[in-house]
Amino acid sequence: MSRVSDINRSCPYLGLADDADTSLAFPSVWNNCHRSRPPVAPKLKHQAEFCLKEDHRRCPVYLSEQIGPLPKDLCAPRNRATQSKSGPWLGLALAVIALAIVAVLIWSRASNGSFAPLSFRTATPTASLTPFPTSTPTALPTATASLIPSPTYTFTASPMGPLPAPTFTWTPTATFTFTGTSTSTSTSTSSPTLTWTPSWTPTPTVPPSKHQLDMVIGTDHKFVIHRVMGGESLNQFAYQYRTSTGAILTVNHNLKTPVQSGMLVVIPDGFTDVSNLPSFDVYQVQQVGITVEALAQQLGVDPTGLEYYNAVGAGEEFQSGDWVLVPSAKPPSS
């Protein structure tokens with residue numbers, strides 16, 4: 001530890017044996033007095049009372065003008081650590097070596113998968129499952145063997161010449177008899193076959209309606225049935241269909257003015273003289289295929305006028321949703 005921070009307190013002659021400019025900030029045998037020759041460690045008590053305090057200025061060694069050995073009564077007991085300059089570095093080196101050995105041991109045990117001491121390691125049984133083969137019995141041949149002697153000949157010398165001396169060797173022949181059973185299992189599945197027979201139901205063709213809103217209706221006199229929209233007026237209708245507001249008011253039975261949005265108005269198309277015409281109500285057909293005669297009976301009007309003003313023939317049918325001009329029973333009063 002450097003004594004720079006304590007320069008105003010510690011003795012300037014206090015330092016380590018191999019570094020006079022560095023000292024420990026507490027009493028230690030490693031602190032040496034470089035005022036003496038050779039440098040030696042003062043007693044720990046002397047360091048605490050003088051060397052490490054401002055009182056070092058009252059130390060007899062500090063005040064002495066002569067440089068010589070430190071008085072014996074001030075010298076710390078000598079030991080191996082103080083006798084060798086390399087003492088602290090040797091201890092540090094030994095500590096580093098010890099730490100390295102410990103690290104090697106830890107690494108070797110970690111690589112083996114266990115940090116436990118060797119004396120406490122126990123074998124961990126491991127098991128691997130080996131599947132047993134499965135066999136399916138099949139028919140195997142069974143064989144029976146019979147031995148048939150087959151002679152071979154060897155010759156020996158005799159006065160009469162060589163005579164064959166038969167020797168016999170046995171050559172086995174095998175007769176195989178096959179036995180076995182086989183079982184066959186058949187599984188049949190059926191898949192239904194879908195057949196599609198198209199069926200056609202004729203749809204009657206309905207002629208397009210000629211009695212819708214804003215369509216021209218009538219024979220000699222043409223009319224338009226219109227649903228009033230916001231901002232529209234009778235003057236606008238009169239100008240658009242080349243008629244007059246008076247004619248419009250005449251052909252509409254009980255038309256209230258001013259007209260409002262959503263009201264149904266019958267408008268003469270291209271003429272203004274309506275003096276000989278009845279006034280009309282507007283009716284929307286609700287039934288499918290109702291004849292003009294049936295509708296006239298339902299509404300209580302003459303079927304001839306219904307046919308004439310809507311331009312339909314006798315027996316003709318109206319479609320659901322058609323708009324029909326229904327002439328009133330009485331002509332409008334002038």
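## A small sheet

Let's start with a pair of strands: β6 (residues 223-227) runs antiparallel to β7, and 5 bridges join the two. Within this pairing, Val 224 sits across from Ile 267 in β7.

Zoom out a little and a third strand appears. The open sheet has 3 strands, ordered β5-β6-β7, and they pair in the antiparallel sense. β5 (216-217) and β7 (264-268) are the edge strands; each has a single partner, so one side of each has no neighbour in the sheet.

## How sure is the model?

Keep in mind that this is a predicted model, not an experimental one. The chain's mean pLDDT, the predictor's own confidence score, is 75, and 63% of the residues reach 70 or more.

Two stretches deserve some caution. Residues 1-5 stay under 50 in pLDDT, and the model gives them 13 contacts beyond four places in sequence. Residues 137-141 are also below 50, with 6 contacts in the model beyond near neighbours in sequence.

## Helix α8 and what surrounds it

Which residues of α8 are buried? They are Gly 305, Leu 306, Glu 307, Tyr 309 and Asn 310. These buried residues pack against quite a list of elements: β5, β6, β8 (280-284), α7 and β11 (323-327). So β5 and β6, which belong to the open sheet, turn up again here as packing partners of α8.

Now look at what lies on either side of this helix in the chain. Before it comes the loop between α7 (292-299) and α8 (303-310), and Gly 300 is in that loop. Is Gly 300 buried or exposed? Its relative accessibility is 66%, above the 50% cut-off, so Gly 300 counts as exposed. Gly 300 and Ser 328 are 28 residues apart along the chain, with 10.0 Å between their C-alpha atoms. After α8 comes Ala 311, which has a positive phi near 55 degrees.

## A hidden hole

Rolling a probe the size of a water molecule over the atoms reveals where empty space is left. Here the count is 1 cavity of 30 Å³ or more, and the volume of the largest cavity is about 70 Å³.

What lines the largest cavity? The lining is made of Cys 11, Cys 33, Arg 35, Pro 42, His 46, Cys 51, Cys 59, Val 61, Tyr 62, Leu 70 and Leu 74. Sorted by character, the lining residues come out as 9 nonpolar, 1 polar and 1 charged. Two helices, α1 (44-51) and α2 (60-63), each contribute at least two residues to this lining.

Methods. Residues are numbered from 1 along each chain as its sequence is written. This is a predicted model: local features need pLDDT of at least 70, side-chain atom pairs count only at pLDDT 80 or more; totals for chains, interfaces and linings use all residues. Side-chain values use heavy atoms; hydrogens and water are left out. On a 1 Å grid over the protein atoms alone, a cavity is a set of points where a 1.4 Å probe fits but cannot get out, and a pocket is an open set with protein on both sides within 12 Å along at least five of seven lines; lining residues have an atom within 4 Å of a point. Grid points are joined across faces, edges and corners, and a volume is the space filled by probe spheres set on the points. Helices (H or I, at least four residues) and strands (E, at least two) are DSSP runs, numbered from the N terminus. Ala, Val, Leu, Ile, Met, Phe, Trp, Tyr, Cys and Pro count as nonpolar, Asp, Glu, Lys and Arg as charged, and the others, Gly among them, as polar. pLDDT is the predictor's confidence in each residue, from 0 to 100. Contact means heavy atoms within 4.5 Å. Two strands pair if DSSP finds at least two bridges between them. Buried means under 20% relative accessible area, exposed over 50%, partly exposed in between (1.4 Å probe, protein chains only).
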